[in-house]
Amino acid sequence: MVYHAEDFVKPPESADSMFMDKHMNFEDSIFILNVRIRMVQDMLILDADPDLFLSKTMEDLAFVDRCHESLLSSLRDNERLIERDEQLYNLSESERLFCELLFELSHGETGFSFALDQVMRESVSSMRNKSLERRRSIGDVIVESRNSNLEPVVSYDELHELLSG
């Protein structure tokens with residue numbers, strides 16, 4: 001079987017359709033992604049047969065990558081979300097786990113690591129770079145959020161005017 005980089009990193013026919021519903025449960029979505037990441041980590045630890053699982057594992061990694069991107073985009077755009085910062089921290093932690101998994105996959109001593117061809121290694125490396133960039137972006141969004149929370153919603157003059165009226 002021949003693999004191409006686009007087989008692993010292309011978005012599904014409608015990647016955004018997963019997230020079209022404006023009501024999204026970020027916490028549960030991130031939890032499920034973390035379970036999927038741990039499942040792949042467990043496969044590496046158990047040294048599962050790459051002939052059976054490698055193709056599906058690459059699809060799963062690309063899926064997690066796309067979901068992380070979509071979740072970050074939604075969190076970035078939804079500035080008024082209650083517990084937004086907490087979900088950004090959760091997403092950052094999920095990205096950290098994902099980065100560690102991708103590094104382990106590309107540099108490890110498992111059957112999966114040895115089974116990766118050049119295109120797969122490039123795909124894993126690309127996903128890892130995007131994940132690192134998203135973590136930096138999450139940090140920037142958190143800093144922006146903190147800075148905007150420090151600004152008063154009502155200025156001193158406006159408050160004085162409201163209270164004296």
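This report walks through the fold, the salt bridges, the surface and the core of one protein chain.

## The fold at a glance

First things first: what you have here is a predicted model. The protein chain has seven helices and zero strands, and reading along the sequence gives the pattern α-α-α-α-α-α-α.

How much of the chain is tucked away? Of its 165 residues, 38% count as buried. As for contacts, take those between residues at least 6 apart in sequence: 82% of them join residues at least 24 apart.

## Salt bridges between helices

The salt-bridge count for this model comes to nine. As a bit of background, side chains of opposite charge can pair when their charged atoms come close.

One of the bridges pairs D60 with R36, at 3.1 Å from N to O. D60 sits in helix α3 (residues 50–77) and R36 in helix α2 (residues 26–46), so this pair ties together parts that are 24 residues apart in sequence. The two ends have their own surroundings: D60 is buried, with a relative accessible area of 7%, while R36 is partly exposed, with a relative accessible area of 28%.

Then there's R134 with E95, where the closest N and O atoms are 2.4 Å apart. R134 belongs to helix α6 (residues 118–150) and E95 to helix α4 (residues 84–107), so here the pair links parts that are 39 residues apart in sequence. Buried or exposed? R134 counts as buried at 3% relative accessibility, and E95 counts as buried too, at 0%.

## A bridge inside one helix, and a network

Helix α4 also holds a bridge of its own: R96 pairs with E100, and their closest N and O atoms are 2.4 Å apart. These residues are four apart in helix α4, so about one helical turn separates them. R96 is partly exposed at 25% relative accessibility, and E100 is partly exposed as well, with a relative accessible area of 38%.

Which residues are linked up through shared salt-bridge partners? D65, E69, E95, K130 and R134 are joined into one network that way. That puts the buried R134 and the buried E95 into a wider set of charged partners, with D65, E69 and K130 as the other members.

## What the surface looks like

On the outside, the protein chain exposes about 10,400 Å², and carbon and sulfur atoms supply 53% of that area.

There's a nonpolar patch to look for on this surface: F31, I32 and V35 make one of about 280 Å². F31 is found in helix α2, the helix that also carries R36. At 51% relative accessibility, F31 counts as exposed, since the cut-off for that label is over 50%.

## The nonpolar core

Now for the inside. The largest nonpolar core has 32 residues, and M58 and L61 are the ones that touch the most other members. Which elements give two or more residues to this core? They are α2, α3, α4 and α6.

Of these, α3 gives the most, with eight residues. Those helices come up in the bridges as well: α3 and α2 hold D60 and R36, while α6 and α4 hold R134 and E95.

Note on methods
Residues are numbered from 1 along each chain as its sequence is written. This is a predicted model: local features need pLDDT of at least 70, side-chain atom pairs count only at pLDDT 80 or more; totals for chains, interfaces and linings use all residues. Side-chain values use heavy atoms; hydrogens and water are left out. Buried means under 20% relative accessible area, exposed over 50%, partly exposed in between (1.4 Å probe, protein chains only). Contact means heavy atoms within 4.5 Å. Accessible areas come from the Shrake-Rupley method with a 1.4 Å probe; for residues, only the protein chains shown count as cover. A salt bridge is a side-chain nitrogen of Lys or Arg within 4 Å of a carboxyl oxygen of Asp or Glu. Patches are made of residues with over 30% relative accessible area and no salt bridge: like charges are joined within 9 Å, nonpolar side chains (Val, Leu, Ile, Met, Phe, Trp, Tyr) within 5 Å. A nonpolar core is a set of buried Ala, Val, Leu, Ile, Met, Phe, Trp, Tyr and Cys residues joined through side-chain atoms within 4.5 Å.
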